[in-house]
Amino acid sequence: MESESEFAASCLCGIVSHVMKGTPVVIVVCHCTTCQKHCGGPFLHTAAWLAVNVHLKTGDEDDIICHEYTDQLVRQSCKHCGGAVRNVVPACSMIGFHIPTIKDAYAGNTYKPVFKPQCHLFYGSRVIDVKDGAPKMVKKTPEDGMLAE
């Protein structure tokens, strides 16, 4: 990280890396079964920035494979190592990154305060309970219902 308001993320091999300027707009933990399968864990902790604040630092677009999951989400990975690169949400002009791909996102055994989740999505599909004080939505919005910790 070059400054408090600049972050860097990369794939496993480091061929593709990004610089994100400013603080993330959205920080969520998603418990949907698709994110569980995608990341190979019980949930996906992710942070998103406005696309204008995300810049490709190394590699180029030819190094990235696009997986159009839905018309609302394009998951992208490195064609060399298969590692997660970014998740693009075209309708919101946002680009998200898995927190573990962000350099220095963790301090000790927890995430840095800037990456504290704002909420949990699809908590009704969780496989482990998370007690962190963040709101827990049954699905995607508060209107879908909320769950207690």
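## Exercises on aromatic contacts and nonpolar cores

**Exercise 1.** Determine whether Phe7 is buried or exposed in this predicted model.

*Solution.* The relative accessibility of Phe7 is 4%. Burial requires a value under 20%, so Phe7 counts as buried. Phe115 is treated in the same manner: its relative accessibility is 0%, and therefore Phe115 is buried.

**Exercise 2.** Establish how many aromatic pairs a search of the whole structure finds, and classify the geometry of the pair formed by Phe7 and Phe115.

*Solution.* Step one: the search returns three aromatic pairs. Step two: in the pair of Phe7 and Phe115, the ring centres lie 5.3 Å apart and the planes meet at 65 degrees. Step three: an angle over 60 degrees counts as edge-to-face, and this pair is accordingly edge-to-face. Step four concerns location: Phe7 belongs to strand 1 (residues 6-10), whereas Phe115 lies in the loop between strand 11 (110-111) and strand 12 (119-121). The two residues are 108 residues apart, and the pair thus links distant parts of the chain.

**Exercise 3.** Carry out the analysis for Trp49 and Phe97, and state which cluster the ring pairs produce.

*Solution.* Trp49 and Phe97 form an edge-to-face pair, with 6.0 Å from centre to centre and 70 degrees between the planes. Trp49 is in strand 4 (residues 44-50) and Phe97 in strand 9 (residues 94-98), a separation of 48 residues along the chain. Trp49 has 0% relative accessibility and so is buried; Phe97, also at 0%, is buried as well. Ring pairs join Phe7, Trp49, Phe97 and Phe115 into a cluster.

**Exercise 4.** Identify which residues touch the most other members of the largest nonpolar core, and describe the second core.

*Solution.* The largest core holds 15 residues, of which Met20, Trp49, Phe97, Ile102 and Phe115 touch the most other members. Strand 1, strand 4 and strand 9 each contribute at least two residues to this core. A second, separate core has eight residues, among them Val28, Cys30, Cys35 and Cys119.

**Exercise 5.** Locate the charges placed over rings and the nonpolar surface patch.

*Solution.* Arg75 lies over the face of Tyr69, 5.4 Å from the ring centre. The charged end of Lys136 sits over the ring of Tyr123, at 5.6 Å from its centre. On the surface, Val25, Leu50 and Val52 make a nonpolar patch of about 260 Å². Val25 is in the loop between strand 2 (17-21) and strand 3 (26-30); because its relative accessibility is 40%, Val25 counts as partly exposed.

Conventions
Residues numbered from 1 in each chain as written. Predicted model: local features only at pLDDT ≥ 70, side-chain atom pairs only at ≥ 80, totals over all residues. Heavy atoms only, no water. Phe/Tyr/Trp six-rings, centres within 6.5 Å; stacked < 30°, edge-to-face > 60°. Helix = DSSP H or I, 4+ residues; strand = E, 2+ residues; numbered from the N terminus. Buried < 20%, exposed > 50% of the residue type's maximum accessible area, 1.4 Å probe, protein only. Lys NZ or Arg CZ within 6 Å of the ring centre and 35° of its normal. Core = buried A, V, L, I, M, F, W, Y, C linked by side-chain atoms within 4.5 Å. Patch = residues over 30% accessible without salt bridge, like charges linked within 9 Å, V, L, I, M, F, W, Y side chains within 5 Å. Areas by Shrake-Rupley, 256 points an atom, 1.4 Å probe, with all protein chains shown as cover. Salt bridge = Lys/Arg side-chain N within 4 Å of Asp/Glu carboxyl O.
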